[in-house]
Each structure stands twice: as structure tokens, then as C-alpha cells.
Amino acid sequence: MIRNQKRSEMGEMASGTPSGFKALKHMKPKYKDDDDHGYQAGNAKAQNPDSVFPVTLAAYAMIFSKDQEWRDGEDQKSFAKKIYWPIADKLRSSDMIVRADETDETDEDKHVALVYISEKRQRVVGEHMSNENLLFVRLKESDDEDNEVKYGGGWTKYQQHLTRYYAKSSEGTLFSSSHQLAMIEFLLNDKKEEALGPQLLPKDACTPGFNILQQLIADQKVVATFCLHHPDKKMWLDQNWCQTYLSKQPLEDIREYFGEGIALYFAWHGYLLQMLWVPALTGIFVFAASMTAYGETSSIDNPYVCLYAGFLALWTVYFNYGWKRLQMVYQLEWGTIDDHLVEEDRSEFVQHPYTYKKLNSNTLKEVEQLAAVPPVTPASTWQEFYSDPFVAIFRPIGSAIVVCFFIAVAVVLYMGLEAVLICVLKVLGGMALEFMTTDFENWKTMSLVNGYDAALVAKLFAFGQVNSYFALFFVAVLANNFQPFGVDVSCPDKFCLNYLSMMVVIVYVVYAFSFVVDTLRVRFSQPLDYAKEQEEAKEDPMRIKETLREFKKPSLDSKSYIVQKIPVPVKHSGMNQLYLDKILEAGYVMFFGAAFPLLALLSVVFNIWHLRRNATYVLHDVRRPSYSRLKDIGVWMQILDITAILAVVFQCAILAFTSRSLFYFFPHMNDMEVVFFAGCFEHLLLLAKAMLELNIEVPADVQLNYDRKQYSIKCLTESEERDPASRLVFYTSDDGLPYDGQ
């Protein structure tokens, strides 16, 4: 009795969750009758309690369309139900759980089926995904008696025989809900035959470039598939992330719930907000000096303008350097530093009329030896698709010409200068450039390094730079030295700093206000009513209403961040658009902060709100995205480097052509000497940037802790022998020999 009690206590300690989200207990310790007298033998309710579906299992939604016969209850005549039945049977036959509203009273046009994967099945699939470098788990940081494990917390591939050494997620389960949903998608798409998925469709029946789920949607057998939220974790994130404006972000919980890709964005956004406090507080004193100078000379120019401009340039350089170090720290903490993900070909690329396929050299040798017998492996492993050389070379050049055209349009329009044009051209230019990248060019992968996303980001960033900043640059540098269309647009007395300061405020406020208007539009169309959602959850244990509500939202898992080929009710932006908007917004401070020193403070206030607005967008306004494991922010790091270089150039241009603050320190200099001085200062800053980034290293204690964790993982995997029961052979290889999946 004492031994069992001790085991029970140890079990409760082992089920403890880490800091952050605390999983709720959904199972009562005992059943009670109506009078709360404990278990009674004669109480029917106590002996036959209501069945409760375990909330520890994550739900994956599949939406089917109903026909008239289905709605009328004529199942045998319903063609739609004859499509649904085999799919549901295959899911259940592969040891997956399918729950559906068999009454069909919730919606007249849609049928909702929720797919789950049991805990036993999770362990088998988790090991297969780990072998494909798709899933990693963390070792315990404390043992069952709450004693700290030395060098624990490292990330490693999951192996069933080492389950007792792995830490539980904050949701109280071995695999978090995001991992479970990734396993379900892994099985539904039949990524690995040894995992014994449901095989909803033969792979040969799929259109080249489509996976099984995409083919089911293209064949109109399924309307949509998407991930559902974990109710308790979603509520916790809303209370401790979306609604807390001054507290630290729960990055570990964000990473666990959404994946490293989304967590890196919010880590970068939080880092930006933290770093903005430095120029914001400094700018208050410079602004006070500007107001004093304006009261005395009717000009905001003063000796501190040149010092603040140089400070902003140095701050921008150090901002990039600090983020690169912080990103490496996150890579070590989250175990992504050695990741090398292989991206699949885009379906648009594979299906493009100018895409061809060829056999690789190894397969060609095998084919010759087998007398031209085609290989039996899936097509994706022996066929390599490549683009027509003419299309790969000349169409990107055509897209570059289109980018230059839109830049020229923006330049001509901004000669007349209307701030509202920034928001208008941002939408029109984005649509045109996205069309050129998606339908005109032919990129092989979605990579943020050298694929579709990188090409689209480069175009939108180039156009966004001109669209957002050219009007201000024209006033700061060109107005006094250039006459567009023969019209004199120079500033009074050839001094433009006062006018530039006013313009910077107007343009920035219009840009920031556009996000507020968009937020109000979303809130009117999708009001957040937590009390109503909680009441619906109590009355709807099958989660049908919740699923249909999520179905109406746009999806964040798009092939591009503007258009998604798989039908969704609403087109949307995605994480790349969030990066672009935030970099362009921060650019106003980096480029023109010296003209209006309070701009950094305005940016701090805006980002405090906008950070939580983006959190609400990801958590509430779109469907739950699939788990994304990324090691870095991809091409956005190069975009930040370009922004830092431009910031140095812009600040030095303001010193040379707009402000006269250098004359306070060097009164005997002429205009050419000022330009020469600004040019030398620019080169020194760029040299400092290059020297600073030559050798970026993480803190020594972080690197040492990571090395110790890796050594601990190595010792653990080598010392623990695999359980013989896990190597039982339950199927054979293609040659008929026993195969245990290794």
C-alpha cells in the first residue's frame, strides 16, 4: 500500500508542467453522486459516467460538402456520402480516430470530421518523423523527484525506448498539439510508407506537384483541411500574450504552439521594440533642443542634429549585429542550428508548361542495368524537374523591368507629393509584383533563401523602399538641387529641414493609421467574443461550431503570402508580409529619425500596440498554422543588412544636404567640404559595420551549455540499448525479407 502511494506521488510529480502554460486537469479523481457523498453502488450516474473525449489529443479538421440527397437523409443515393465513407473508413483502419456529427444538424452544406491520433500511435509516427528530421523532443531538465538533471534540456530525435527521458510539453503531454497535428498531416499525405498511413489516394493518382490532401481538394472530394486550436492553450496565450502589452512575451510557449518559424518573427519584433527605446529616450533631449532652437531662430536645426544622425546610423548597424547574435542563441536553445531542411518543389513549378523532368544520373544507370525497366520507387525520388533555360533567365529580367516601371511611377507621382499615395501604390504594386513572381516567373521551391519567397520579397522590398521613402528623400536631398519638369520646388532659403520634419510626421502617421483602420475592419467583420465562444464550447462537445467558425477564416499556410491556390474563403497576407510591414515602418526611424527626433518614441508607442495586434492576428484572425521549423529568418537577414547600409547613406545625406548642424562645429567649412566630410563619415560607418560582423559569436556560456547538452545526448543514446520489443517485425521489404523500419 505504501509503495503504491509513493508511486502515485512520483507520478504526480512527473506529470508537472514547466513554467508558462499550465495544463488543466480534465479528468476528475473520482465520481460523485448528486449529494456529494462519494461513490455509491446504487448510483447509476457514478457507475456509468458520461464519456469524455480526452482533450490531450489535438484535432485536425476535414470539411466535406453535402449534396441534396445527404441533406434529405437518403444515404444510399448520396454521391457525397459515398465519397466521405471510404475516406473515414481508411482513416479508422490506419489506427486514427475520426469524430463526426452524424446528426448533420449543425450546417446544411458542410460536414465536419475531426481526425485525431492516439498516444500509442503518436510514438510510432514520432519516431518515423524524427528519422526524417521533422520532429525533435527535449530531454528532461528535472527528474521525477524534481531534482535538476545536469546538462538536461537538449534537443534530440525521438526514440521510443528513451521515452522516459523526454520532457513533457506545457500542455501536459509528451508531444504538444502542434507535433500531433504535424503527425496527422504526415500520415494523411503518406510521407513515409513504413508509417502505415491511411493511403487516401495512390501517389501515382496525384497530379505532379500535389500531395494527397491537395489532390483531394483539387478533386473536390474535400472542401478544406486545417488544424484546430488547443482550447486551453489558446486561452492562456490570449491572456498572457495578446492582452498583456507591457509584459515579456512567452516565446517558449509560442515556439511550442506555432513552431520556430513564427516564434522567430515575434522574437525579432520584440527585439526591435526593445532596441527602439534607446533612440526614443535620446530623441526626447534632441527634440527639446530643436524646440528651443525653433523659438530662437524659427529653425529646428541645432548642433545636436548631426550628433543624433550619427548616433542613429551607429544604432542601426549595431541593431543588425545584435540580432544576428541573438538569432544564434535561439538556434542553440531550440536545437535548430544544424538543421538542413530539403524543400519540396512548388506545385506551380512542377505543373508549369515550361517545366521539364529528367532522370538523375544514378537512376539512369539502374535503368540501363534493368533493361529500361522503370524504378518502383515514388516519382519524387527518381524524377528531377527543371525549368526551361529561357524562362529561368529572361523572365526574371522582365519582372525586374516591371519593378523599375512601378518605381518610376512612384517617383513621378511623388514629385507632386501626396502622402495617401503611399498606401494606394503599396496595394497596387504588391498585386502586380506578386502576379509577375507567381504566374510569369517559374521558381522551383518556396525557399526564403533562393526560391519563390526570396524573389517576391526582393521585389516588394525594392518597390516598398521607393514607395515609402522617395518623397522624403526628394525633399531632403533633391528639392534644392533638381527641378522636375522645369518647376522650381526648392525650399525657402534653400533650407528644407523644417519642411522635412513636418513631412516625416505626416507620412509616418498615415502609414501607422492604415494598420489601425485595417484592425478596425477585421474586428467589425470578426468580433472577438470570448464569453460566447466558451458557452458554445460547453454546448458543443463535438467542436462543430468552432470548426465552422475557423473554416471561415483565411489560412496562414499559403504557398505565397498574398494568394493561396487551394481555395479559402478570404485572401490574406502572411508572415512575410508582417516582416515587410515592420521593416518598412522601422525604416522611417532608421532613415529620417534625425529630422524629427520624436519619431522613435512614436514608433515605440506604435510597436507596443502592433506587436500584440500581430499576436492577435496569428492566434485569432487566421486558421491555426501548421508547425513550421525554421533555423533563421532567411532572406530577411539580407534585407536588414541592405536597410542598415541605406540608413547610413540616408543619415549622411541629411548631414550633407539638409541640415546645417555641422557648421556649428566647423564654421569655416564650405558646402563641398561638408559633402566630403559626410562621405568620409559614411565610409567609416560602413567599414565599422563590416569589421563588426566579421566574427559574430554567441556568448561563451551559451555555447558551453549547448556543447554540454550535446555531449549528454550522445552519452544517453550510446548507453541506452533499444528495447527488443520495439524491433518486432510486422511487415517485409520489397524483397520479402523481414524489415523493422531501420
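Two strands pair if DSSP finds at least two bridges between them. Helices (H or I, at least four residues) and strands (E, at least two) are DSSP runs, numbered from the N terminus. The model is predicted: local features need pLDDT of at least 70, side-chain atom pairs count only at pLDDT 80 or more, and totals for chains, interfaces and linings use all residues. Residues are numbered from 1 along each chain as its sequence is written, and side-chain values use heavy atoms, with hydrogens and water left out.

**View 1. An open sheet of four strands with antiparallel pairing.** The strand order is 2-3-1-6. Strand 2 (96-100) and strand 6 (224-227) form the edges, and each pairs on one side only. From one strand to the next, the twist averages 25 degrees. Angles run from 0 to 180 degrees between N-to-C directions, and axes are lines fitted to C-alpha atoms, for helices over the stretch in contact.

**View 2. Strand 3 beside strand 2, with a helix packed on the sheet.** Strand 3 covers residues 110-117 and pairs with strand 2 in the antiparallel sense over five bridges. Met-96 has Ile-117 of strand 3 as its bridge partner. Helix 20 (residues 544-551) packs on the sheet. Helix 20 touches strand 1 (60-65), strand 3 and strand 6. Contact means heavy atoms within 4.5 Å. The direction of helix 20 makes about 105 degrees with that of strand 3. Seven of the eight residues of strand 3 are buried, so this strand is largely enclosed by the rest of the structure. Buried means under 20% relative accessible area, exposed means over 50%, and partly exposed lies in between (1.4 Å probe, protein chains only).

**View 3. Strand 1 and its two partners, strand 3 and strand 6.** Strand 1 runs antiparallel to strand 3, and six bridges link the pair. Tyr-60 has Val-115 as its bridge partner in strand 3. Towards strand 6, strand 1 makes four bridges, again in the antiparallel sense. Here Ile-63 stands opposite Ala-224. Strand 1 is mostly covered, with five of its six residues buried.

**View 4. Val-55 in the loop before strand 1.** The loop that holds Val-55 lies between helix 2 (44-47) and strand 1. Val-55 counts as partly exposed, at 33% relative accessibility. Asp-232 is 177 residues away from Val-55 in sequence, but their C-alpha atoms are 9.2 Å apart.

**View 5. Ala-263 in helix 10.** Helix 10 spans residues 260-297. Ala-263 is buried, with a relative accessible area of 0%. Leaving out residues up to four places away in sequence, Ala-263 touches Leu-251, Ile-254, Arg-255 and Trp-334. Ser-628 is 365 residues from Ala-263 in sequence and 9.5 Å from it in space, C-alpha to C-alpha.

**View 6. Stretches annotated as "transmembrane region" in UniProt.** The unreviewed UniProt entry places this feature at residues 271-290, 302-321, 392-413, 456-479, 499-517, 588-609 and 635-657. UniProt positions follow the numbering used here, feature names are shortened, and annotations may be inferred rather than shown by experiment. In the model, residues 271-290 are 100% helix and 0% strand, with end C-alpha atoms 29 Å apart. Residues 499-517 are also 100% helix and 0% strand, and their end C-alpha atoms are 27 Å apart.

**View 7. Helix 11 against helix 23.** The axes of helix 11 (residues 303-334) and helix 23 (residues 635-658) come within 9 Å and cross at roughly 170 degrees. The two helices are therefore roughly antiparallel. Angles under 35 degrees count as roughly parallel, over 145 as roughly antiparallel, 65 to 115 as roughly perpendicular and the rest as oblique. Helix 11 residues in the contact include Cys-306, Phe-319 and Trp-323, and those of helix 23 include Met-637, Asp-641 and Leu-655. The contact residues divide into 13 nonpolar, three polar and two charged. Ala, Val, Leu, Ile, Met, Phe, Trp, Tyr, Cys and Pro count as nonpolar, Asp, Glu, Lys and Arg as charged, and the others, Gly among them, as polar.

**View 8. Helix 21 against helix 22.** Helix 21 (residues 575-592) and helix 22 (residues 599-621) have axes that come within 11 Å and cross at roughly 175 degrees. This pair is therefore roughly antiparallel. Among the contact residues are Met-575, Lys-582 and Tyr-588 in helix 21, and Phe-606, His-610 and Tyr-617 in helix 22. The contact holds 10 nonpolar, four polar and two charged residues.
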